[in-house]
Number of protein chains: 2
Amino acid sequence: MIRVVLAEDQGMVRGALASLLNLEPDIEVVGEAADGAEAAEVVARARPDIVLLDIEMPGTDGLAAAATITRRTPGCRVMILTTFGRPGYLRTAMEAGAVAFLVKDSPARELAAAIRRVHAGERVIDPGLAAAALSAGPNPLSGRERDVLSAAADGSTIGDIAERLHLSEGTVRNYLSSAIQKTHARNRIEAVQRARTQGWV
Amino acid sequence: MIRVVLAEDQGMVRGALASLLNLEPDIEVVGEAADGAEAAEVVARARPDIVLLDIEMPGTDGLAAAATITRRTPGCRVMILTTFGRPGYLRTAMEAGAVAFLVKDSPARELAAAIRRVHAGERVIDPGLAAAALSAGPNPLSGRERDVLSAAADGSTIGDIAERLHLSEGTVRNYLSSAIQKTHARNRIEAVQRARTQGWV
DNA sequence: GGCCGCGTCTGACAAATGTCACGGTCGAAC
DNA sequence: GTTCGACCGTGACATTTGTCAGACGCGGCC
């Protein structure tokens, strides 16, 4: 019996995935969580063979949870199941010790198959996605550039961002400018978009 | 037996929901679709009691599909199942003839319950969401303001938008300005955000 | 020790953005 | 028939944004 914990914030999707997996004779869902912090707790308690983590969750996200779990509960293999197959996500997931990376676009039957392969010791990663992640290269944005860019994402002005990050306005402008350059964008909005689709923020 | 068609673009979620519903003894999934156009076709062919539509789908979205289906296949009741409980979405869905509006955040068991209530002739709408939709009022943006705002969402400059919409730059600026006013925003980025969270674009 | 990248800041400049006032057309509503 | 709102445009203006050059301190690396 393969024991699985499921972490996914949308209740309906979580329940549906659980019923899908429980149909399989050799798979058993032994715990569920609605965010990353809860996932780490449940895994530490239930000691499953595999944890299936969504990335987009409130509070600590799936990538942070993956790092915590591989550190604190090394016996449990981490699989990522996400809506967005972004190169940066894949890279971060691998660095956090995940052994599989699935996107929700794939057919439902692939999920159980992937779980079995992971349980057998394999890694499961979409080849196209892996190629994209490698060809895209690592995240070119420095830490501060990421901060400023994500602070700008919600429509804040330079002044707002400066205040929130305790920086001068000129500094914020410079970081924003260099982030715009590095993303090959023409303005902050495009920069935010590009960074998002690459999984850099 | 309640015959249901399922429209949802993410294969894994679609499959999982299907298995969830097929567990119910009185519910049967008789068709699936991955986008709005396909949903309308499948419904016209399978003649189900109920169609469950996701909103965020490529091509024609769930709201457009809802309108098509209520017009072309009036015997089929339309239920909306979406990630985002935005007031404007609910309003549009109701105007398109939907009889239920569920968010994926809710627990999984509510789905089958809602389907049964709809089949019995009831409407199913989250009371809090209904209140929010009513208190938010109708979409204040004019057609052109919506066009310009959604064209601006991807980081295009005024010049880009003007060219794409065959308008002069001044006109684009004016529409953008009035959209900013109506959304009580301070710049186009905030305006796009506000409009999105309200479901106005 | 020297070099380099990162983070911090300043000042100045050009370009883009947001606002305002104004003038027009057209169709629907009163 | 007039009024009103949506639509399209112009020109001028203040503000914000993006760029550039330069300056400083810090920590890691050869």
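A polar contact is a pair of N or O atoms within 3.5 Å. The legends below apply this term to a predicted model.

**Figure 1. Polar contacts between side chains and the phosphates of DNA strand C**. A polar side-chain atom of Thr171(A) is placed 3.3 Å from a phosphate oxygen of DNA strand C, a distance that counts as a polar contact because the pair lies within 3.5 Å. In Arg144(A), an N or O atom of the side chain is 2.6 Å from a phosphate oxygen of the strand. Chain B takes part through Arg188(B), where the corresponding distance to a phosphate oxygen is 2.8 Å. Two or more residues each are given to the surface near DNA strand C by α7 (143-152) and α9 (169-182) of chain A and by α9 (169-182) of chain B.

**Figure 2. The protein surface near DNA strand C**. In total, 18 residues surround the strand. The closest of them are Ser142(A), Arg144(A), Asn174(A), Tyr175(A) and Arg188(B). With five residues, α9(A) contributes the most to this surface. Sorted by class, the surface has eleven polar, four charged and three nonpolar residues. On the DNA side, sugar or phosphate accounts for 58% of the strand C atoms within 4 Å of the protein, and bases supply the rest.

**Figure 3. The two domains of chain A**. The domain assignment places residues 2-135 in domain 1 and residues 143-198 in domain 2. Between the C-alpha centres of these two domains of chain A, the distance is 31 Å.

Note on methods: Residues numbered from 1 in each chain as written. Chains lettered and ligands numbered in written order. Predicted model: local features only at pLDDT ≥ 70, side-chain atom pairs only at ≥ 80, totals over all residues. Heavy atoms only, no water. Domains from an automatic or database assignment. Near = heavy atom within 4 Å. Polar contact = N/O pair within 3.5 Å; in protein donor to acceptor, adjacent residues only side chain to side chain. Helix = DSSP H or I, 4+ residues; strand = E, 2+ residues; numbered from the N terminus. Nonpolar A, V, L, I, M, F, W, Y, C, P; charged D, E, K, R; others polar.
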